[in-house]
Amino acid sequence: GAPGQPGNSQCERFHSVQDDAFDYPWVGASFYGNPVYSLEFITKVLRKAISDFSKSPTNTSFMFILPDWKQAQWYPLLEQFDIVHNYPKDSEIFSCPSSS
């Protein structure tokens with residue numbers, strides 16, 4: 001399925017092109033994101049997370065799956081976050097159910 005569609009989402013609550021996450025506050029909960037891997041989109045995601053976190057830091061958290069692009073313009077924004085884990089290049093961190 002397409003990103004952010006029933007059957008492809010990883011969480012009970014999710015957003016899609018039709019229900020843009022950037023139209024909502026990201027505060028007062030734990031948020032998960034695996035954004036489109038484009039420089040502009042990742043920058044937008046991280047800036048939104050930093051801005052909204054500052055509104056309610058004691059009860060807001062984020063977990064993002066991001067590429068390790070150290071030369072990317074958004075990479076310095078990661079200094080605002082705790083990096084919990086780095087996976088080596090070519091690690092299989094996502095899988096698909098096998099069809100028997």
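This report describes the fold, surface and aromatic contacts of a predicted protein model.

Residues are numbered from 1 along each chain as its sequence is written, and side-chain values use heavy atoms, with hydrogens and water left out. Because the model is predicted, local features need pLDDT of at least 70 and side-chain atom pairs count only at pLDDT 80 or more, whereas totals for chains, interfaces and linings use all residues.

**Fold and surface**

The protein chain contains one helix and two strands, arranged along the sequence in the pattern β-α-β. Helices (H or I, at least four residues) and strands (E, at least two) are DSSP runs, numbered from the N terminus. Of the 100 residues, 25% count as buried; buried means under 20% relative accessible area, exposed over 50%, and partly exposed in between (1.4 Å probe, protein chains only). The accessible surface of the protein chain is about 7900 Å², and carbon and sulfur atoms hold 52% of that area. Such areas come from the Shrake-Rupley method with a 1.4 Å probe; for residues, only the protein chains shown count as cover. Among contacts (heavy atoms within 4.5 Å) between residues at least 6 apart in sequence, 60% join residues at least 24 apart.

**Aromatic pairs**

Rings of Phe, Tyr and Trp (its six-membered ring) pair if their centres lie within 6.5 Å; planes under 30 degrees apart count as stacked, over 60 as edge-to-face and the rest as tilted. By this rule there are nine aromatic pairs, including the two tabulated here.

| Pair | Centre to centre | Angle between planes | Class |
|---|---|---|---|
| Phe31 and Phe62 | 5.5 Å | 25° | stacked |
| Trp74 and Tyr75 | 5.8 Å | 45° | tilted |

The stacked pair links distant parts of the chain: Phe31 belongs to strand 1 (residues 30–33) and Phe62 to strand 2 (residues 61–64), 31 residues apart. Phe31 is partly exposed at a relative accessible area of 21%, while Phe62 is buried at 17%. In the tilted pair, Trp74 is buried with 0% relative accessibility, and Tyr75 is buried with a relative accessible area of 18%.

**Ring cluster and charges**

Ring pairs join Phe22, Trp26, Phe31, Phe41, Phe62, Phe64 and Phe81 into a cluster. A charge sits over a ring if NZ of Lys or CZ of Arg is within 6 Å of the ring centre and within 35 degrees of the ring normal. Lys44 lies over the face of Phe22, 4.3 Å from the ring centre. The charged end of Lys48 sits over the ring of Trp26, at 5.5 Å from its centre.
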